[in-house]
Structures are given as C-alpha cells and as structure tokens.
Amino acid sequence: MTGESEDVEKTAQRPEGACDHGIITRHWKWFAFVAALTVGIRCIGLLARCMWFDESMSWRTVILPWPEMIESVQVNTHAPLFFILFKGWGDVWGESLVVLRGFNVFLAVATLPVIAWFMQCTRAPLWAPSPAQSTHDRAVPEAAVWSPWDAAVIAMLLFAVNPYQIRMASQMRMYPLMAIFSLLSSLLLFRAIERPARMRRWFSFAVVALLMMYTHYFGLFFVAAQFVFLAGWLCKSLLARERPVSIQAIQGVFVAAVSVALGWLAWLPTFLDQRQRVQDDWWTGPLNSWNFINVAVDWMASTRAVGASADIVAMLVAVLTVVILLRLLSVGGVMGYYLAWMILFPVVMVVGYSAMKTNIMVSRYFAPIQVLWLMGLAVSIASIPGSVARDAARDLAIFFSLVAQSTHLYNEDVWQRGGIRDAVACVERELRPDETVIVDSSLIYFPATFYAHDRSRWRMMSDVEGLVFSTGMPVTTEADFANPQEMDSPSSQGLWVVSSQGRVDFDPGDQWTIADQQYFQGSQPFQELVMVTHFQRSM
C-alpha cells in the first residue's frame, strides 16, 4: 500500500478534523528531510552572526543564579517562561554560542510535527455534531476537497524556508517558543471543539494558552482573540439548536477561561508593575506608517532584503493577506474561520493599543500571528483546484522565500561584518596587563563581555542612574561600571575605549592622548560602526 492510499484509508477511519498522531511515523522519511532542511537553512551564518543587544540580555539573564534570574526578569519587562526554559537548556548543555542559539533551532524542528497535526484539522466542521448525528453525516465545505497531508507538506515547507521564521530562530529570544505555543494551543482548541464534553481537552488548551501568556505579553492579545473566537463558536452552536452540545461547550469554555484567569493571577501584580514601567520609558516612539511596512515586509522577506522597495513589497503582502483571508472564509470549517480570525483580530487589537497607549508594533512580536499566516497561506495553496496550478503556487512561494533569504544573507554579510566581535578580538590581541577597556554604551557592552576571554577587564562608561530597564539595568552590577580611580591610577599607561556609533562620547581627560583608532563594520543593530580607540598616558 502506498503512503498516499494509506493516508486516505486512515482519514476515512477517523472523524473529520481528528488529530492523526500516526502521521509522523508513517512519513518519518519526509519529516527527516524537512527537519534537515529546517536545521540546515537556519545554521547558515548562525555562528558568524554577531550577538546583538537583545540576545546578550537573554544571555546575561540566564547566567545569573536561579533566584537572581527570577528577580531580574521581574525588574525587567519580560514574562518568565522562556528564561526558565533557556536557563535549564544552558545548565545542561553549556553557554557556547552554538548551544545558546541551538535552543531556538531545536524549537523550530519541534514545531514541524505540531504543524502536521495542526493541518489535520483543515476539514473540521465549525461545530461538533449532536450525539445523534453521525460523523459521516457532516457536510464538508465544497472548497475543502484537498488532502490534509498535502496542506501539512506545504505548511512545513513554507515554515522551513520562511525568512522571518529563520531570523527568529537565529536569535536567543522567545519568539520561536511563541510560535510553537500558538500552533499547539490552536490544535488543542480544535480538539476541544471536536469533543466539547471532554473537560480534559479544555483544560489542556487552557494550560498551553497560559504558557503562551507566560512566554511573551503579546500572548495576551493572542489568547484574548482565541476566547473571542470561542464566544462566536458558542453562538454558532446555539443558533444550530444543538442544545446538548452547547451546554457542554459553555461548560468547557468556562473551565478554560477560569483556568487561564487563575493561572495568570500569580503573575498579575508583576505584570502591572512592568506595564507601568513600559509606559514610563519605552523606545518605539509613536505609531507611524513605517511600523506597518516593517511588519508586512518581514512576514515574507526583510527590509534588508528588499531595500528601497519596502513599501511596494508591503503592499503586495497586504494584498496577499486579503487573498488568504478571503480564501479561508470560502473554505469554511473551523480551520478557515479560525485562521482568518486569528490573523486579523490580534493585529487589530495591537494597532488599537499602539495608537492609544504604547507602540508595540514590532515585527518580531508577531511571531505567533505570522506562523498562522503561513498556515493560512498553506491552506489557500492546498485548496487550489488542479495539481498543476497548486504545485506551481507552492513552488513559487518557496522560491520567493529562498530568494528573499539569500538576498538578506548577501546584504547582511555576517562573515565580513563582525561588529563588536571583531572589535573585542582586536582589543584582546594588544591589551596589556595594566590597561583597562571602557565600553561607552550598554548596547554593545553586553555582547562584548560575551566574546571577551577575560570579562573582568571590561567596564561600562555609565552609572546605574544612567540606565533604564530597556538598556540593561536589570542585569547589571556595580562591577560592570568603570572606576574613575582605576582609570586615573599612575600604574595604568593605556586605556581602550570601544564606541558604538563611530565616535567617543566622553572625554577621558588631558592626561590621555590618542595612539590609534580602528573601525569595524557590523550587521547587527547598534553595531553598524564600532570604533576602537587606544589612548596612552601623556608624558
């Protein structure tokens, strides 16, 4: 029996929309191929790419002892779950760059089976049948005539080669964890809808939704959109006059909502404190058109890849999104309506919040929405009539992603633009025992200390009062700051200053003269031009 005919038989033997756990074992060779592709394309430039400020904040947070780490997260503006998992990973495997960045590559591979299970719901109905209704009596939308496995294949390939997901997996941040939780919570929501009488399924959905909220606060918008969708689903069930199912569904949604609310209470005071901190001091500025362009372009390519054509690409992505939404609505079923809702409604909420409160229109925050956008694109392609047109659309989407990622890598040129990493190597080649290294900004100080072999020789030219949470205050100690007495000591005949914007922002004094200056180009934020200045004491 061929794999395709076996899938048809397995699909016919289970209810519509039920999760087929055996799909992984039956197609293990295919999963091995996509996993290898996912890892391989994410490893290109993984170690050559210099660590940037946000990543270094993650690293500085997880090298703290456990109690101090939790306290640091609370003082900062982050949810705690990613740092707990990331620290556990580092405690087991170490803190080398390949290990630290490998965490999110591992999560990307772990996302693949969740995508496959998720796409089994492509033909699930909008509401479960009444007990007297056979599963074979349910109408499948006319547009939903494709194989769920075909949709899963397209979705996994799109995820593997998508430039946005590749970039998120190359950073030591929480965004790939958000993506996998968004898919997993959606899958569990579908399973709860499929059998609303099973309270265990509702509770499982609530647990993963709560984990999403504890990973990143964007999860609050995501989970809120899920519960609004469930409210609409309840109304649909009531209008269908399926009274037994509706009562069970109301109980299930209530159990899920109460579980999420109770689980969030423990962190709520910390969240409110952090929210006030964000409102007092945030870095994004007011909402503007560039925020929309940046988010739209990043979903399919990157602003670095498209350059001056960013506004055109953004318009194309917007048009493609409208096409995806219309196709999902025509498909119908729980998958079609759910994906259309979850692509659109959280974005509307974020835009509204950014306009009225604090601007949080940052492209990397949209990781859980973008992965569902990819699933919507996969469903739209899989539902195209005719294998030739369908394969052409799939290949075109994959080709565009590969070209965009290749262009991004070419323009980024991480192999030749080492930024702070090359600056640290330069200093340490010539650093004498009596010399001190001063870094003028926390934005490059934390990455510098990661690459430095002797971190005790490196200091930051600032003070505690000069830092806020967004520039590293929660992970700094007094030992990180320069000691003026140490700099003025007669025994010190040399001084190194590393600057982030190609200039020295402070005057070391008349007793110092410039002996040498070198510049290093970088590809990461705040490292576009790193200047190393060597001062010698005047005679």
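A disulfide is taken here as a pair of cysteine sulfur atoms within 2.5 Å. By this rule, the predicted model contains zero disulfides. Two of the cysteines illustrate contrasting surroundings: Cys43 is partly exposed, with a relative accessible area of 40%, whereas Cys426 is buried, with a relative accessible area of 0%.

The protein chain comprises 23 helices and five strands. Of its 539 residues, 56% count as buried. Contacts between residues at least 6 apart in sequence were also examined, and 76% of these join residues at least 24 apart.

Two helix pairs were analysed by their packing geometry. Helix α8 (residues 148-161) packs with helix α19 (residues 367-382) at an angle of about 135°, and the two axes are 8 Å apart. Since angles over 115 and up to 145 degrees fall in the oblique class, α8 and α19 are oblique to each other. Their crossing is right-handed. On the α8 side, the contact involves Ala151, Ile154, Ala155, Leu158 and Phe159. These residues meet Val371, Leu374, Met375, Leu377, Ala378, Ile381 and Ala382 of α19. By class, the contact of α8 with α19 consists of twelve nonpolar residues, with no polar and no charged residues.

The second pair is formed by helix α12 (residues 218-239) and helix α18 (residues 333-356), which pack at an angle of about 135° with their axes 9 Å apart. This angle makes α12 oblique to α18. The crossing of α12 past α18 is right-handed. From α12, the residues making the contact are Phe218, Phe221, Phe222, Ala224, Ala225, Gln226, Val228 and Phe229. From α18, they are Val334, Tyr337, Tyr338, Trp341, Met342, Phe345, Pro346, Met349, Val350 and Tyr353. The contact of α12 with α18 divides into 17 nonpolar residues, one polar residue and no charged residues.

Residue Phe227, which belongs to the sequence range of α12 (residues 218-239), is also among the contacts of Ala256. Ala256 is found in helix α13 (residues 243-265) and is buried, with a relative accessible area of 0%. Leaving aside neighbours within four places in sequence, Ala256 is in contact with Trp202, Phe205 and Ala206 as well as Phe227. The C-alpha atoms of Ala256 and Val207 are 8.3 Å apart in space, while the two residues are 49 residues apart in sequence.

A further buried position is His408, which lies in helix α20 (residues 387-412). The relative accessible area of His408 is 6%, and this residue is therefore classed as buried, the cut-off being under 20%. Apart from neighbours within four places in sequence, His408 is in contact with Arg167, Ser302, Arg304 and Ala305.

Helix α22 (residues 442-451) is largely enclosed by the rest of the structure, because ten of its ten residues are buried. The buried residues of α22 are Ser442, Leu443, Ile444, Tyr445, Phe446, Pro447, Ala448, Thr449, Phe450 and Tyr451. They pack against both helices and strands. The helical partners are α4 (53-62), α7 (97-119) and α21 (420-430). The strands that pack against the buried residues of α22 are β1 (436-439), β2 (458-460) and β3 (494-499).

Conventions
Residues numbered from 1 in each chain as written. Predicted model: local features only at pLDDT ≥ 70, side-chain atom pairs only at ≥ 80, totals over all residues. Heavy atoms only, no water. Buried < 20%, exposed > 50% of the residue type's maximum accessible area, 1.4 Å probe, protein only. Helix = DSSP H or I, 4+ residues; strand = E, 2+ residues; numbered from the N terminus. Contact = heavy atoms within 4.5 Å. Axes fitted to C-alpha atoms, helices over the stretch in contact; angles between N-to-C directions. Parallel < 35°, antiparallel > 145°, perpendicular 65-115°, else oblique. Left-handed = near helix turned anticlockwise from the far one by under 90°. Nonpolar A, V, L, I, M, F, W, Y, C, P; charged D, E, K, R; others polar.
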